[in-house]
Amino acid sequence: MSVLQTLQERSNNTCELCTSKEGLKQYTIPPSLNENVANDVLVCKTCLDQIEGQVDMDANHWRCLNDSMWSEHVAVQIMAWRMLQRLRNEGWPKDLLDMMYLDGEALALARATGEHEDAANKIIHRDVNGVILESGDSVVLVKDLKVKGASMVAKQGTAVRNIRLDRENAEYIEGKVGAQQIVIITKYVKKL
């Protein structure tokens, strides 16, 4: 059974965040690189567009998190936590966050994208042209890079998909080049 089929069965073909039945899609929670049931949720187009920043956040739409934050599935809990963090200045999400519990491993994954940090304290990753990089973006190498600890050279023009950001250093991102997971300095990449 595919990951999508498992998610559809687990959610009874409804959005795992707002329970809509329209325009459902599989969403892999950043910074996860692989699709699997533990890292994915089934979401509707309305939720997905707001999660990815395609449209402005509608705080009233996210009142559904009052129910979905109690899901038995950790991936759903993590997405609920992240969306509540984005909306925490609204007032009511702060109350829900105070009630919510995530174990240490789930909380670490939930915090991996920095949703809980104030904008002034967030580390911003920029490519060679100054474009802001986000977890899950695709980049291309602008220079041949020798990979430390391996005999491999990552060639200029190589695409690196679904990058992860280093939350402690604005100059580092992680991604896969071939089968090798490597750390790349942001001044050697350009966002696709």
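Long-range contacts are a good place to start in this predicted model. Among the contacts in the chain with a separation of 6 or more, 55% are made by residues 24 or more positions apart. The chain contains six helices and 12 strands. Its radius of gyration is 18 Å, close to the 16 Å given by the globule rule for 192 residues, so the chain is as compact as a globular protein of that length. The C-alpha trace spans about 50 × 45 × 30 Å along its principal axes. As for solvent exposure, 41% of the 192 residues count as buried, and the accessible surface of the chain comes to about 10700 Å². Carbon and sulfur atoms account for 45% of that surface.

The buried part of the chain can be followed through its nonpolar cores. The largest nonpolar core has 32 residues, and those with the most contacts inside it are Leu17, Val43, Cys47, Ile51 and Trp62. At least two residues of this core are supplied by each of β2 (40-43), α2 (45-51), α4, α5 (92-99) and α6 (104-111). Helix α4 gives the largest share of the core, with eight residues.

Val43 offers a closer view of the packing. Leaving aside its neighbours within four places in sequence, Val43 is in contact with Cys15, Leu17, Gly23, Leu24, Lys25, Tyr27, Leu48 and Ile51. Two of these partners, Leu17 and Ile51, are listed with Val43 among the core residues that have the most contacts inside the core. A second, separate core has 14 residues, including Val139, Leu165, Val177 and Val189.

Helix α4 covers residues 74-86, and Gln85 is found in this helix. Gln85 has a relative accessible area of 9%; it is buried because this value lies under the 20% cut-off. From Gln85 to Leu96 the C-alpha to C-alpha distance is 9.9 Å, with the two residues 11 apart in sequence.

Turning to the strands, an open sheet is formed by three of them in the order β9-β10-β11, with antiparallel pairing. Strands β9 (164-165) and β11 (180-185) stand at the edges; each has a single partner strand, so one side of each is left without a neighbour in the sheet. Strand β10 (residues 172-177) is joined to β11 by six bridges, and the two run antiparallel. Within this part of the sheet, Gly175 stands opposite Ile182 in β11.

Finally, the backbone deserves a look at Asn12 and Asn13. Asn12 lies in the loop between α1 (3-11) and β1 (25-28), and Asn13 is found in the loop between α1 and β1 as well. Phi of Asn12 is near 60°, a positive value in a residue other than glycine. For Asn13, phi is near 55°, again a positive value in a residue other than glycine. In terms of exposure, Asn12 has a relative accessible area of 57% and is exposed, because this value is over 50%. Asn13, with a relative accessible area of 40%, is partly exposed, because this value falls between the 20% and 50% cut-offs.

How values were computed
Residues numbered from 1 in each chain as written. Predicted model: local features only at pLDDT ≥ 70, side-chain atom pairs only at ≥ 80, totals over all residues. Heavy atoms only, no water. Helix = DSSP H or I, 4+ residues; strand = E, 2+ residues; numbered from the N terminus. Buried < 20%, exposed > 50% of the residue type's maximum accessible area, 1.4 Å probe, protein only. Core = buried A, V, L, I, M, F, W, Y, C linked by side-chain atoms within 4.5 Å. Contact = heavy atoms within 4.5 Å. Pairing = 2+ DSSP bridges. Rg over C-alpha atoms; globule rule 2.2 N^0.38 Å. Areas by Shrake-Rupley, 256 points an atom, 1.4 Å probe, with all protein chains shown as cover.
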